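Subject: Structure handover

Hi,

Here is the structure I said I'd pass on. Have a look at it first, then read on for what turned up.

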Amino acid sequence: MGIDLPLIWLLIIGFGIMMYVTADGFDLGIGILFPFISSREHRDIMVNTVAPVWDGNETWLVLGGAGLMAAFPKAYAVLLSAFYAPVILMLIGLIWRGVSFEFRFKADEAHKPFWDKAFMLGSFVASFCQGAILGAFIEGVDPAGETGMMDWLTPFSVFTGAGVVVCYALLGSTWLILKTDGALQRQMIRATRPIALALLLAILIASIWTPLAHPAIAQRWFSLPNLWFFLPVPILVLATAAGLWRSLARRPHGGPFAAALLLVFLGYSGFVISIWPHIIPPSLTIWDAAAPPQSLGFALVGALLIIPIILVYSAWAYFVFRGKVQTGEGYH
């Protein structure tokens with residue numbers, strides 16, 4: 001039996017997307033939380049917790065997009081056409097956010113509020129568009145490419161957009177529990193509880209809405225014996241939420257962030273279970289959309305060289321800048 005190159009590439013792209021969501025998620029979450037923090041000092045600390053790593057976090061987004069183009073060119077063409085508007089808005093949000101990130105440290109006191117608002121807006125727009133793309137993807141895309149520019153905007157995609165904003169806010173608040181102390185950490189502990197409840201409510205609604213709207217997904221989850229195989233996913237979600245709640249009641253450090261990451265991974269697992277083996281739901285599989293084996297093999301060599309390098313320099317950056325961020329420390 002030969003090597004299943006499309007499956008290997010799907011795992012690579014899936015890994016890249018998961019790394020992006022977990023790494024850039026808390027980064028975007030800090031911008032989403034900005035409106036609830038009035039202290040200039042606390043806002044500076046929040047930004048300084050991600051200043052050394054935020055550029056590297058977005059490497060995974062580039063890897064996922066480039067991998068999709070190289071390994072599944074048909075899917076790349078169809079999805080980019082279908083989601084052209086939200087992708088452009090997402091990129092504008094990320095660029096605007098990146099510019100404001102740099103400028104807010106250089107601006108004088110009169111202009112800092114403007115760049116703070118730009119940082120908030122860019123973070124929110126990028127996060128919402130990512131969630132809206134997710135929802136529109138689950139609802140299905142015409143593989144022939146006959147999709148209107150605004151077909152992605154539906155009640156479900158708006159809901160998933162809001163859900164991703166809440167998810168990133170949870171990652172951001174738990175990251176700040178890990179990286180800060182004192183009054184800011186206490187404020188994040190208080191904020192994490194309602195954010196976690198909002199995320200659990202969003203997961204519950206999505207878990208009901210999706211199978212009701214898509215019989216194929218309902219069949220995947222609730223037919224026997226699939227139900228018994230997939231039942232651990234919702235059970236683990238509840239157990240992780242309980243663990244997050246318990247960790248907040250103690251002297252929290254890394255526990256809440258680890259629980260938030262696990263919640264994201266479980267949600268991602270549920271998404272993969274729902275759409276497998278389609279790369280364009282509901283009809284185009286990964287094997288239908290894959291590039292020729294020669295192209296997949298050639299690109300795989302480069303991917304297997306570059307991914308360990310990304311992992312090493314990312315791990316090194318997080319290691320060097322480990323520990324709590326104090327007032328006056330960080331980016332200049």
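Let's start with a question: how many residues line the second largest pocket, and which of them lie nearest its centre? The lining has 19 residues, and Met19, Ala23, Phe26, Asn57 and Tyr318 are the ones nearest the centre. The space in there comes to about 360 Å³. If you want to find the walls, look at α1 (5-33), α3, α13 (255-275) and α15 (293-320), each of which supplies at least two lining residues. α15 gives the most, with six residues. As for chemistry, the lining has 15 nonpolar residues, four polar ones and no charged ones.

Before you go further, keep in mind that this is a predicted model. The mean pLDDT of the protein is 86, and 96% of the residues reach 70 or more. Confidence is highest in α8, at a mean of 93, and lowest in helix α3 (residues 54-57), at 76. That second helix is worth remembering when you look at the pocket, as α3 is one of the helices that supply its lining.

Next, the inside of the protein. The largest nonpolar core has 95 residues, and Trp9, Phe72, Phe83 and Tyr168 have the most contacts inside it. Helix α8 (residues 155-179) provides the largest share of this core, 13 residues. Tyr168 is a good place to zoom in: leaving aside neighbours within four places in sequence, Tyr168 is in contact with Tyr20, Val21, Gly25, Phe26, Leu28, Gly29, Ile32, Ser127 and Gln130. You've met one of these already, since Phe26 is also among the residues nearest the pocket centre.

Phe72, another of the core residues with the most contacts, leads on to Ala290. You'll find Ala290 in the loop between α14 (286-289) and α15. Setting aside neighbours within four places in sequence, Ala290 touches Pro6, Ala71, Phe72, Pro73 and Leu296. Ile235 is 55 residues from Ala290 along the chain, and their C-alpha atoms are 35 Å apart.

Last, two peptide bonds to check. The bond from Leu224 to Pro225 is cis, with omega near 5 degrees, and Pro225 sits in the loop between α10 (215-222) and α11 (226-230). Trp276 and Pro277 are also joined by a cis peptide bond, with omega about 0 degrees. Pro277 is in the loop between α13 and β1 (278-280).

Over to you!

Key:
Residues numbered from 1 in each chain as written. Predicted model: local features only at pLDDT ≥ 70, side-chain atom pairs only at ≥ 80, totals over all residues. Heavy atoms only, no water. Core = buried A, V, L, I, M, F, W, Y, C linked by side-chain atoms within 4.5 Å. Buried < 20%, exposed > 50% of the residue type's maximum accessible area, 1.4 Å probe, protein only. Helix = DSSP H or I, 4+ residues; strand = E, 2+ residues; numbered from the N terminus. Contact = heavy atoms within 4.5 Å. pLDDT = per-residue confidence, 0-100. 1 Å grid on protein atoms, 1.4 Å probe; cavity = no way out; pocket = protein on both sides within 12 Å on 5 of 7 lines; lining within 4 Å. Points joined across faces, edges and corners; volume = space filled by probe spheres on them. Nonpolar A, V, L, I, M, F, W, Y, C, P; charged D, E, K, R; others polar.
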